[in-house]
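Here are some exercises to work through with the model open in your viewer. Try each task before reading its solution.

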Amino acid sequence: MASRLKEGVKFDDGKLRYDLLPICGIREIIRVLMHGAKKYDDNNWHKVASQPEGKARYYNACKRHIDDWWEGEENDKESGLHHLAHASCCLLFLLWLYFKGEKDG
């Protein structure tokens, strides 16, 4: 036991591995969230997502960003940030709604 303590022990098995996240993509998503916070308010998306039409609004926004990217437009015209980061935010908001309990469509 003394040798294990000398090396250091930490029981991380089964815990979330944040090092697996692609940091460049995460940073761009954070930039989109910061843009939204500056334009509207911190966590304004909570209010929009919680409205009766919130789920549909974020689904539609996600599709618009993906379609614009698919058609060759890399960055959103208003924010200047990548369309896929905007779409990823919308997906995160939809996932938040799912785990919040609004699974019915």
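**Exercise 1: the nonpolar core**

Of the 16 residues in the largest nonpolar core, Val32, Trp45, Ala49, Tyr58, Cys89, Cys90 and Phe93 touch the most other members. A nonpolar core here is a set of buried Ala, Val, Leu, Ile, Met, Phe, Trp, Tyr and Cys residues joined through side-chain atoms within 4.5 Å. Buried means under 20% relative accessible area, exposed over 50%, and partly exposed in between, with a 1.4 Å probe and protein chains only. Before you start, note that this is a predicted model, in which local features need pLDDT of at least 70, side-chain atom pairs count only at pLDDT 80 or more, and totals for chains, interfaces and linings use all residues. Residues are numbered from 1 along each chain as its sequence is written, and side-chain values use heavy atoms, with hydrogens and water left out.

Task: find which helices each supply at least two residues of this core, and which gives the largest share.

Solution.
- Step one: list the helices, which are DSSP runs (H or I, at least four residues), numbered from the N terminus.
- Step two: assign the core residues. α2 (23–39), α3 (44–50), α4 (54–70) and α5 (83–100) each supply at least two.
- Step three: look for the largest share. It comes from α5, with seven residues.

**Exercise 2: two cysteines**

Task: work out how many disulfides the structure holds, and what surrounds cysteine 90.

Solution.
- Step one: apply the cut-off, a pair of cysteine sulfur atoms within 2.5 Å. The structure holds zero disulfides.
- Step two: check a candidate pair. For cysteine 62, the nearest cysteine sulfur belongs to cysteine 90, 5.4 Å away, and cysteine 62 is in no disulfide. Cysteine 90 is likewise in no disulfide, its nearest cysteine sulfur being that of cysteine 62.
- Step three: look at accessibility. Cysteine 62 has 5% relative accessibility, so it counts as buried. Cysteine 90 also counts as buried, at 5%.
- Step four: collect contacts (heavy atoms within 4.5 Å). Leaving aside neighbours within four places in sequence, cysteine 90 is in contact with Tyr58, Ala61 and Cys62.

**Exercise 3: the faces of α2 and α4**

Task: compare the span of α2 with its expected value, then locate the buried residues of α2 and of α4.

Solution.
- Step one: compute the expected span, 1.5 Å times one less than the number of residues. The 17 residues of α2 should span 24 Å, and its end C-alpha atoms are 24 Å apart, which agrees.
- Step two: pick out the buried residues of α2, namely Glu28, Ile29, Val32 and Gly36. Seen down the axis of α2, they fall within an arc of 100 degrees, so they line one face of the helix. The arc is taken from the directions from the helix axis to the C-beta atoms.
- Step three: turn to the other side of α2. The face turned away from the buried side carries the exposed residues Cys24, Met34 and Lys38. What covers the buried residues of α2 includes α5.
- Step four: repeat for α4, where Gly54, Tyr58, Ala61, Cys62 and His65 are buried. They cover an arc of only 100 degrees around the axis, which puts them on the same side of α4. These buried residues pack against α3 and α5, while the face of α4 turned away from them carries the exposed residues Arg64 and Trp70.

A useful reminder: an α-helix has 3.6 residues a turn, so residues three or four places apart point the same way.

**Exercise 4: salt bridges**

Task: count the salt bridges and find where the partners glutamate 78 and lysine 39 sit.

Solution.
- Step one: apply the rule, a side-chain nitrogen of Lys or Arg within 4 Å of a carboxyl oxygen of Asp or Glu. By this rule the count comes to seven.
- Step two: examine glutamate 78 and lysine 39, whose side chains meet in a salt bridge at 2.5 Å, N to O. The pair links distant parts of the chain, 39 residues apart: glutamate 78 lies in the loop between α4 and α5, and lysine 39 in helix α2.
- Step three: check exposure. Glutamate 78 is exposed, with a relative accessible area of 52%, whereas lysine 39 is partly exposed at 41%.
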